[in-house]
Each structure stands twice: as C-alpha cells, then as structure tokens.
Number of protein chains: 2
Amino acid sequence: MPTDIEIAQAATLQKILPLAQRTLDLPEEALSPYGHYKAKLGLEHLPALSGRKNGHLILVTAISPTPPGEGKTTTTVGLGDGLNHIGKKAMICLREPSLGPCFGMKGGAAGGGRAQIVPMEDINLHFTGDFHAIALANNLLAALIDNHIHHGNALGIDVRRISWRRVVDMNDRALRDITVALGGPGNGYPRQDGFDIVVASEVMAILCLATSLEDLKRRLGNIVIGSTADKRPVTARELKADGAMAALLKDALAPNLVQTLEGNLAFVHGGPFANIAHGCNSVIATQTALKLADYVVTEAGFGADLGAEKFMDIKCRKAGLQPSCAVIVATVRALKYHGGADAKKPGSDTLQALEIGLANLGRHIENVHQHYGLPAIVSINRFDADTAEEIALIEAYCQARGVRCVLATHWAEGGAGAAELARAVVAQCEQGGACAASLYEDALPLADKIRAIASKVYRAGEVVFEPKADAQLQDWQNAGWGQLPVCIAKTQYSFSSDASLRGAPEGHVLRVREVRLAAGAEFVVAICGDIMTMPGLPKVPSAERIDVDAQGRISGLF
Amino acid sequence: MPTDIEIAQAATLQKILPLAQRTLDLPEEALSPYGHYKAKLGLEHLPALSGRKNGHLILVTAISPTPPGEGKTTTTVGLGDGLNHIGKKAMICLREPSLGPCFGMKGGAAGGGRAQIVPMEDINLHFTGDFHAIALANNLLAALIDNHIHHGNALGIDVRRISWRRVVDMNDRALRDITVALGGPGNGYPRQDGFDIVVASEVMAILCLATSLEDLKRRLGNIVIGSTADKRPVTARELKADGAMAALLKDALAPNLVQTLEGNLAFVHGGPFANIAHGCNSVIATQTALKLADYVVTEAGFGADLGAEKFMDIKCRKAGLQPSCAVIVATVRALKYHGGADAKKPGSDTLQALEIGLANLGRHIENVHQHYGLPAIVSINRFDADTAEEIALIEAYCQARGVRCVLATHWAEGGAGAAELARAVVAQCEQGGACAASLYEDALPLADKIRAIASKVYRAGEVVFEPKADAQLQDWQNAGWGQLPVCIAKTQYSFSSDASLRGAPEGHVLRVREVRLAAGAEFVVAICGDIMTMPGLPKVPSAERIDVDAQGRISGLF
C-alpha cells in the first residue's frame with residue numbers, strides 16, 4: 001500500500017479557480033489563488049451570499065481518542081466525498097494542520113489513504129500563511145507590551161502579571177519557560193516568559209470565532225494581556241495593538257479552499273487547540289460553506305466529550321449554527337482499547353474487551369442525543385482485520401440504542417467506501433429531529449457552567465476548584481465576564497481528567513487547577529490536569545527524515 | 001501630495017499572470033499566482049531559460065546614508081520604469097522588506113511617490129511568505145539543537161558554545177538576551193540564548209546566494225551551529241536538519257514577481273541584512289531577470305562602501321555576475337549633511353556645506369571606478385527646494401571627475417522623470433568599459449581580506465583585531481575556511497566605524513571586535529562596532545497607527 005504522501009503526489013489535481021467557480025457558482029473575482037491548487041474566498045464577497053439558504057451541517061466527532069487512532073479527519077473527508085458520490089452537493093470544513101508537529105512525531109492532518117485533501121504537502125507546511133500571520137499578530141502584541149513597559153509603562157502593567165505569551169509554530173520545549181529582557185537597560189525589564197505553539201494562541205481562537213473583519217478587530221482589542229499591580233486588567237486596545245494586529249490578519253481571515261483526491265471542495269481554515277481552545281475550524285468557513293453547499297461536513301477536535309461539547313456550546317451557540325446530525329467515529333481496535341486491550345498486552349485483544357469498550361461509545365451517543373440534541377450515526381472506520389463477529393457486536397449495541405451504525409471504507413476506497421454512510425446522513429438530515437441545544441444558559445455563573453459540563457458530559461461526581469481558581473472565577477464574574485461560555489482543558493483520553501481511566505468512568509473528581517480568561521475569544525478556560533501548550537520533539541524527530549529533492553518533491557512527510 | 005500608500009491604493013494594477021506571460025514570454029505553467037498581483041516563477045522553469053543571452057546588469061548604490069535619506073529604492077524603481085519608458089525591455093530586482101520594522105519607525109521599502117512597486121501593503125506585510133519560511137527553517141534548526149542535547153547529546157554539543165540563535169520578524173528588544181530551557185528536566189538544559197530579526201538569519205543569506213534547491217540544501221547542511229567542548233564545529237547536517245529545512249524553503253527559493261505603478265515587472269526576492277550579511281536580493285532572481293530582460297536594475301544596501309562592495313565581492317563574484325555600470329544616488333540635502341549641515345543646526349544648510357559634503361560622493365565614485373571596476377553615473381534625486389546653484393555645483397564636481405551627473409524626478413513623475421537617467425545608463429551600457437573586479441583573491445588570508453577592504457574602500461589607516469577575533473580567524477583559516485570572502489559589519493553612516501565621521505574620513509582605525517562564521521552562506525563576518533541584530537520599537541511605534549477598515553483597506557503603513 002502506498003503512503004499517504006505517495007497517494008497524494010500521484011493524484012492529478014484540478015486547478016482550483018475553475019473548479020471552485022464551476023462547482024460553487026462564484027464570480028471569478030471572489031477567489032484569490034495561492035498557487036494553482038489553493039485559493040482564498042475574499043471576505044468582501046461573503047455578504048453577497050447571505051440571501052442563500054443554509055445547507056445541512058453535519059458534525060463528525062468520535063469516541064475518546066486512543067493510541068491507535070480512530071480516523072475522524074479521514075471520515076470527514078470520506079463522508080464529504082461520499083455525499084458527492086451519491087449525487088449531493090457537499091463541502092468539507094476542516095481545521096488547518098499545525099506545521100510544528102509535522103517535524104516531531106505526528107503525521108500531517110489532511111486525512112489519509114484515498115480520503116485526503118490535497119495538495120497535502122502545502123496544507124501541512126505553510127499552506128496560505130494563515131498561521132504565520134497569527135504568530136506575528138500574537139508576537140506584535142507581545143513586543144508592544146514589553147515596549148510599553150520599557151518606555152515608561154504609562155498603563156502601569158505589572159511585569160509579574162503578564163499572561164500574554166509569545167508563540168512559534170514549532171515543537172520547541174526549550175521555549176516553554178524562559179526569561180526575557182536580560183542584558184541591561186537597553187533591553188527592557190527582565191521577566192519570566194514563555195512561548196506556546198501557534199495553535200494555542202488566543203489570536204487563533206479569535207480568528208476562528210470572528211464573524212467579520214470588524215468583529216475580529218473588536219475581539220483583538222478585548223484581549224486581556226495581564227493586569228496592573230492592583231489587578232486592573234489591561235487590554236490590547238489600551239496598547240493600541242488591535243488595528244495593526246487586524247491588518248496582519250486581514251488575509252488570514254479569508255477561508256481557504258482546496259480539494260479532495262476526488263475533486264470535491266473543502267474549506268481548510270483555522271486550527272485552534274482542542275484543549276485550551278475550542279478545536280473547530282473557523283466560523284466564517286463553516287457559515288460560508290453552508291451557503292455554498294447542501295451538505296457541509298465538519299469535525300471537532302478529540303472525542304465528543306471535548307470537541308463536540310465545545311462545538312455546540314462555544315462555536316454553534318455563538319455563531320447561531322444549527323447542526324442536523326452528528327457522526328460518531330469508532331474503530332474495533334479503539335473500542336477494544338477502551339475495554340482494556342493493549343498492543344503491549346498479548347492476548348488482551350478479545351471480543352470481551354470490545355464488549356466492555358463499547359461503553360465509551362455508548363456514553364458519547366447518550367451525550368450527543370441528550371445533551372447536544374443531535375441525532376447520531378455511528379461510523380465504523382473499517383480495518384481488514386475486523387471480524388464479522390466484532391462488527392455484529394457493535395451493530396447490535398447501536399441497534400439496542402436506536403442508533404444507525406454504518407461501516408465505512410473510504411480510507412481504501414474513497415467516496416464510494418462512504419456511500420452508505422452518506423446515504424444514512426442524508427436520510428437523517430431529511431428526517432429532521434435535530435434540536436441543537438446548549439448545556440447551559442449564558443446567565444449561569446462560570447463555576448456552575450463548569451459543573452454542568454462535568455456532571456452531564458463527563459459524569460464527574462464532584463468538581464473541586466483550587467482556591468485561586470475559584471477566587472479568579474468570582475473576580476471575572478464580578479467584572480462582567482460571567483456570561484462567557486467555558487472551555488475545559490483536560491486530557492482527551494478519558495471522560496475524566498485521568499488519562500488512564502478508559503471506557504466510561506463516572507463519579508470521578510474534576511479538579512480545576514487554573515483558569516484563564518480569553519476575553520477576545522470570549523470564553524473562560526478551565527484547566528484540569530496538565531495541559532501542554534508547547535510540545536517537544538521526540539528523540540528521533542520526523543524532521544530527520546523529511547527531505548526535498550532537486551525537483552522540489554517533498555518526502556518523509558506523512 | 002498624497003502619501004505613498006494612498007498613491008499605491010489609487011493605482012489600477014494589472015493581473016500579474018497575463019502581464020508577466022506577455023512581457024516576459026513565459027509559458028503559463030511557469031508562474032504560480034499568490035493572489036492576483038503577486039506570483040512566483042517556478043524554479044523548475046529556470047533551466048529552460050539558460051540558453052538565453054544575459055541582459056545588462058545595473059547596480060544602484062548611494063553615498064553614505066544620512067538621516068534625511070537618499071532614495072535608492074525609489075531610484076531603482078524609477079530607473080526601471082524610465083528604461084521601459086524609453087522603449088527598453090527592463091526589469092527591476094529588489095529585496096523584500098522586513099515586516100517587523102514596519103511596526104516600528106521605518107516606513108515600507110517598496111519605493112515611494114510615483115516610483116513604487118505594488119501591491120505595497122502585501123509587499124510590506126506577509127508578501128508570499130518567504131520570510132516566514134526562513135524564520136521557521138531557522139527555528140527548526142534551533143529546536144533540533146536543544147532537542148539533540150536534551151535527548152543525550154550524542155554529538156557532544158557544548159551548550160556554552162552554541163552560536164545559532166532563534167529569529168522572529170518583529171522588532172522585539174526583550175528577546176535579544178534571554179535564557180531558555182528553564183523549568184526543570186522536561187524542558188531541556190538551560191542556557192543563554194537570544195533572538196535576531198529574520199533578515200539577520202544566516203538562512204536568509206543562504207537563500208539569497210543559493211543557485212538551486214540542491215545548492216540551498218548543501219549550504220544549509222554546512223551551517224555551523226556551534227561546537228563541542230574541544231571546539232570541533234558542529235553542522236546542521238550532523239543534526240540531520242538540512243532536508244527538512246530545505247523542504248520548508250522550497251517555495252521561498254522561487255523568485256517573486258510584482259509590478260511597478262507603471263506596470264513594469266520587478267523581482268522582489270530575499271532581503272539579507274546589509275551589515276552582518278551581504279544586503280542584496282537573491283542570486284536566483286538576478287540571474288533569472290538577466291535572462292528575461294535587456295536591462296536589469298538592482299540595488300545593494302547602504303552606501304557604496306558597504307552595499308556595492310559586498311555586491312561585487314560576495315554576490316557577483318560567487319554567482320559570476322558582470323554588472324555593466326553603477327548608478328550612485330545622492331541628494332542635495334544628504335550631501336549638505338555630509339558637509340556638516342544638520343536639521344537641528346539652523347543656518348548650517350549652506351552651499352559651503354554642500355561643497356564639503358561632495359567629498360563623500362567623490363570617494364564613492366572613486367571606489368566604484370577603481371576598486372569595483374564599474375563606470376559610474378551620479379543620479380541626483382531632485383527635491384523642489386534644490387536650487388540651480390546647488391545642482392550646478394554637483395554637476396561641476398562630477399564633470400571634473402569625468403562622471404555623468406543626471407537629475408531625476410521619478411518620485412514626482414514616475415518613469416518619465418527618470419528618462420534622462422535611463423538614457424545615460426543605456427549609453428553607458430552600450431559603450432561598455434565595465435571590468436567588474438574583486439578587491440581580493442580567494443586565496444588571500446581572511447585577515448588580509450579585511451585589511452584590503454579597510455584600506456582600499458574605507459581608507460582606514462589601520463585595522464586592529466581583538467585578540468579573540470584574530471585567533472578565531474586563524475582557526476578558521478587552518479580549518480579550511482580561508483578561501484571565503486569577508487562581510488564587514490560596521491556602521492553605514494560613515495566610511496569609518498565611527499558613525500559621526502561624515503564626509504570622507506581617512507586614516508581612521510577599524511577595530512574588528514568579533515568575527516562570525518557563516519559557513520552555509522559562505523562568508524566570514526567581521527563585526528566592527530556595535531551591530532544590532534534585533535531592533536527595538538520606539539516609544540510611539542507605527543503599530544499604534546496602522547489599521548484596517550471593515551472593507552480590508554489598510555492605513556498607516558508608509
């Protein structure tokens with residue numbers, strides 16, 4: 001079997017401008033090319049689409065992630081191709097992959113097998129430069145903060161209370177914890193600082209939630225970068241940073257168009273972290289796709305406890321989006337892992353493990369139905385090794401819960417392999433029955449919002465706030481940020497905050513260690529457990545293998 | 001008078017693909033669009049041009065820079081337009097501006113008035129992403145260094161002897177001197193470090209001197225990142241970083257095409273520092289332009305003592321380029337400044353000051369003739385306040401030295417204002433007489449190369465090496481790097497290393513404080529005086545004024 005990059009490089013791509021004009025019925029001037037196979041849809045063209053009716057929005061989510069992986073992006077691409085395959089007008093909305101991790105361990109994030117978006121090297125490397133623009137906007141604000149202090153600190157910023165960090169799109173552990181401004185008076189006031197990876201920047205979350213250039217600028221101005229000694233929050237607007245940051249982000253805010261291996265169109269735009277941020281592609285891309293296609297397939301990060309919850313409670317609620325249904329991706333192997341199987345434990349790979357592990361799927365189905373108000377379809381990302389007995393077990397489990405379960409083979413077969421899934425999705429969309437819901441009202445106090453998610457979605461028995469976090473939430477509540485949604489950062493591997501608790505644990509304790517205010521993105525982050533905002537490289541990083549030949553052909557990216 | 005950005009935004013641009021195909025006789029597939037007004041010429045197309053005959057190469061250089069500025073970029077653009085205006089097929093080759101300084105004090109670097117390249121906002125901000133790619137390639141190597149040490153340090157890199165710094169395209173003084181890898185064993189081994197601005201990265205110099213993707217990768221592999229405790233140099237190749245770095249730079253190596261306000265084509269590609277690097281646009285862009293046009297106008301950074309010397313001794317020698325003549329730009333105001341006039345000294349702005357200041361111009365003319373072997377033409381960038389008497393004085397001075405002196409008004413009038421300059425340049429090119437020379441042979445020892453530049457070009461009386469620098473040069477000489485050219489980093493404001501010595505000082509002492517090896521770029525840097533590789537922001541940075549409106553129109557960039 002050829003590798004993903006080999007499949008992608010062997011494909012004959014269509015020029016994106018004529019493809020997009022023809023398929024989406026767009027005027028020529030609406031599209032701006034980036035090479036022949038990538039384009040941006042100009043923001044100025046979006047108002048002209050507002051009269052069109054919205055298509056159906058389909059969320060692809062998954063069981064709790066496992067080491068072998070589930071194939072959520074692959075399913076998103078496969079389902080998009082599958083819908084087109086059965087004659088529907090469908091688009092795909094994905095996040096942009098982060099460049100840094102490509103040089104570490106993680107592969108690219110453009111799907112896989114016959115279900116990929118292309119050109120995969122471009123998408124995985126610089127793409128259209130959005131992340132670079134986000135990094136610079138973030139770092140301009142950082143430079144303006146230290147510069148303001150250096151030149152007299154008229155705003156009285158407390159150097160011990162600056163929360164705004166610098167960012168770089170690289171896995172670089174040496175930058176996690178640094179001291180800056182050493183070397184004497186010419187270099188400013190020394191302080192402790194650190195770099196996050198770009199996708200962790202609040203600017204990324206803002207770009208993904210903004211609905212227009214004006215809204216982007218307003219949100220950038222609202223960013224709280226730290227506080228004065230008497231704890232008055234200081235904003236980016238007070239530093240007069242919002243205009244220049246927005247100028248840097250003007251093009252990045254326009255959604256990017258690429259194609260699948262089958263020539264179907266995908267918006268690939270924005271890529272916020274799925275722990276300290278909401279983990280979905282941009283609101284602008286999703287809203288635009290809904291005007292351009294009858295079916296829009298999108299995914300949210302991690303499992304349905306994190307990604308789907310944030311998709312509903314942060315993205316959809318704030319942007320007024322109404323999904324029609326959710327597809328929950330699972331694999332036999334991953335379900336067995338939730339039931340205790342492990343590649344390192346020979347013989348653990350049993351039918352019984354599968355039976356136990358199905359509880360994880362069941363819990364996600366229940367949440368999607370009861371708490372997010374969405375009809376769910378289970379999609380089994382099929383592997384050759386899966387037995388008929390195993391499949392039958394999953395099907396019976398789903399049937400008992402009144403949920404359709406479909407086998408999908410898009411990885412090996414492309415859209416044709418997801419045709420049945422596509423038909424199930426269309427049937428569900430036509431049947432209706434979605435009643436997209438939020439877990440909580442805006443007015444609910446911040447701490448209670450966290451408790452609502454913990455009890456309903458995670459099935460925690462108790463939420464414990466560190467005293468500092470508790471006091472901080474109260475301060476923000478009093479300062480007028482109480483109406484914001486919350487964004488919980490916890491391990492993706494378990495419903496609990498303990499990564500080793502597989503399956504469907506309940507009654508566990510959720511410990512809120514720290515809270516952060518994303519006043520521009522308009523949510524409050526509750527950190528439960530250790531969340532790494534700057535990854536490191538492994539002992540043998542992929543970078544050692546990545547190469548380009550004299551003809552410009554890249555290898556080693558996967 | 002409208003501002004530069006207002007003029008640029010009022011212009012009607014031609015779509016770059018048809019313009020370039022038509023003008024340059026290129027096949028459609030040779031060009032890759034970045035939006036409608038920027039394009040890259042694919043590297044894979046360059047070999048097809050090799051059979052074409054080279055056009056004339058014209059270097060635009062200047063007197064020693066002064067606070068009021070001379071207008072070198074404006075003259076480069078104006079001359080390119082002027083040559084087209086008189087019916088010649090001419091192209092322009094410029095450096096890409098650095099984004100960071102746009103948010104500080106410095107304006108953009110796309111020319112000015114009616115002599116600009118457009119789209120100026122794009123060129124000054126992200127452009128086609130080349131600098132972002134360079135920054136990441138640089139920072140990938142940095143991350144791989146610390147990662148290698150963290151995971152056991154098989155190469156035995158001495159953390160006290162790492163010379164490779166990180167970079168960001170931002171004026172950020174707080175990053176000049178930092179400590180990294182604090183916070184415990186998970187974050188690596190703490191050490192002192194720092195960030196430079198992107199244009200100071202050796203990767204930038206490498207990109208600008210590489211002649212192909214293969215040559216780029218070879219040079220990246222040769223980068224010396226530091227040494228072991230016993231002073232053995234460690235290269236990027238040993239860290240297996242070269243392939244991934246080249247993959248990141250694959251698109252950045254392809255030259256960028258834009259147009260002037262008059263619809264003439266310009267390559268804008270690469271932008272190395274003019275002090276610690278050679279300060280010229282890329283070899284690939286210049287070589288390609290020479291195949292596509294009969295006249296190619298390019299500029300080199302700072303005055304002719306620095307920029308033109310490096311253009312000849314580093315870029316042209318290494319790339320086998322043969323310029324036909326040099327244009328030396330001056331203004332009445334700047335010449336008066338060299339004669340002691342000063343905006344802050346009322347009444348100092350006299351004809352006598354002009355007379356004294358002409359010595360600076362005279363010295364540069366002499367160097368260009370005698371040491372670089374190029375016929376020179378003096379171009380006076382004319383201002384309304386210049387009197388006939390002042391102009392006559394300059395003309396007489398040039399005439400006495402057998403040099404043509406032309407008045408140019410491209411700033412106000414575009415190409416038509418540089419028509420006379422264009423005719424003078426054409427006459428000079430047709431007349432021949434250039435005998436492009438290097439100041440020294442490859443075989444001359446490194447220290448003697450520095451002495452040769454100091455005595456011939458700077459007219460220093462003596463060169464003093466700090467003992468450490470002296471020993472270091474000897475080490476490199478012994479290690480086989482003795483054949484490299486040298487790149488002197490000193491103040492641009494004087495022939496000496498003392499910025500306050502205006503005019504044409506001689507007999508001064510050049511003190512070589514520090515030397516650095518750029519083994520990938522293939523030169524040795526001699527640092528004389530304080531050279532800042534990370535600028536800071538002023539008290540009121542331009543960022544505060546830069547804005548973008550709801551329609552995406554940028555303001556405050558100038």
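## Close-up views of a predicted model

**Figure 1. A hairpin in chain A.** Strands β23(A) and β24(A) form a hairpin with four residues between them, and A:Glu522 in the turn has a positive phi of about 70°. Strands here (E, at least two residues) and helices (H or I, at least four residues) are DSSP runs, numbered from the N terminus. This is a predicted model, so local features need pLDDT of at least 70 and side-chain atom pairs count only at pLDDT 80 or more, while totals for chains, interfaces and linings use all residues; side-chain values use heavy atoms, leaving out hydrogens and water. Residues are numbered from 1 along each chain as its sequence is written, with chains lettered from A and ligands numbered from 1 in the order in which they are written. Now follow the two strands of the hairpin: β23(A) and β24(A), residues 523-527, pair in the antiparallel sense over five bridges, where pairing takes at least two bridges found by DSSP. To find one of the partnerships, look for A:Val515, whose bridge partner in β24(A) is A:Ala526.

**Figure 2. The sheet around the hairpin.** Step back a little, and the strands of chain A form an open sheet of three in the order β21-β24-β23, with mixed pairing. Strands β21 (486-489) and β23 (514-518) of chain A each have a single partner strand, so one side of each is left without a neighbour in the sheet. From one strand to the next, the twist averages 20° (angles run from 0 to 180 degrees between N-to-C directions, and axes are lines fitted to C-alpha atoms, for helices over the stretch in contact). Two helices lie across this sheet in chain A. Helix α10 (residues 304-319) of chain A lies across β21 and β24 and runs at about 165° to β21(A); helix α17 (residues 467-481) of chain A lies across β23 and β24, at about 25° to β23(A).

**Figure 3. Two crossing helices in chain A.** At what angle do α16(A) and α17(A) cross? The axes of α16 (residues 446-458) and α17 of chain A cross at roughly 115° and come within 8 Å. On one side of the contact (heavy atoms within 4.5 Å) are A:Leu446, A:Ala447 and A:Ile450 of α16(A); A:Leu473, A:Trp476, A:Gln477 and A:Trp481 of α17(A) meet them. By class, this contact has six nonpolar residues, one polar and no charged, counting Ala, Val, Leu, Ile, Met, Phe, Trp, Tyr, Cys and Pro as nonpolar, Asp, Glu, Lys and Arg as charged, and the others, Gly among them, as polar.

**Figure 4. Two packed helices in chain B.** Turn to chain B, where helix α16 (residues 446-458) packs with helix α17 (residues 467-481) at about 115°, their axes 8 Å apart. Residues B:Leu446, B:Ala447 and B:Ile450 of α16(B) meet B:Leu473, B:Trp476, B:Gln477 and B:Trp481 of α17(B). Six nonpolar residues, one polar and no charged make up the contact of α16(B) with α17(B).

**Figure 5. An antiparallel sheet with a helix on it.** Three strands of chain B form an open sheet in the order β7-β12-β13, and their pairing is antiparallel. Strands β7 (157-162) and β13 (233-235) of chain B sit at the edges, each pairing on one side only. The twist averages 55° from one strand to the next. Three bridges join β12 (residues 224-228) to β13 in chain B, and among the residues to look for are B:Val224 and its bridge partner in β13(B), B:Thr235. Helix α5 (residues 130-150) of chain B packs on the sheet, touching β7 and β12, and its direction makes about 130° with that of β7(B).

**Figure 6. The largest cavity.** A search on a 1 Å grid over the protein atoms alone looks for cavities, sets of points where a 1.4 Å probe fits but cannot get out, with lining residues having an atom within 4 Å of a point; points are joined across faces, edges and corners, and a volume is the space filled by probe spheres set on them. The count comes to seven cavities of 30 Å³ or more. The largest has a volume of about 470 Å³. Of its 38 lining residues, A:Phe127, A:Thr128, A:Gly129, B:Thr128 and B:Gly129 are the closest to its centre. Helices α4 (120-124), α5 (130-150) and α8 (242-249) of chain A, together with α4, α5 and α8 of chain B, each supply at least two lining residues. By class, the lining has 16 nonpolar, eight polar and 14 charged residues.

**Figure 7. The second largest cavity.** This cavity has a volume of about 190 Å³. Which residues lie nearest the centre of the second largest cavity? Of the 18 that line it, they are A:Ala135, A:Val168, B:Ala135, B:Asn139 and B:Val168. Two or more lining residues come from each of α5 and β8 (166-168) of chain A and α5 and β8 (166-168) of chain B. The lining of the second largest cavity divides into twelve nonpolar, four polar and two charged residues.

Technical notes
On a 1 Å grid over the protein atoms alone, a cavity is a set of points where a 1.4 Å probe fits but cannot get out, and a pocket is an open set with protein on both sides within 12 Å along at least five of seven lines; lining residues have an atom within 4 Å of a point.
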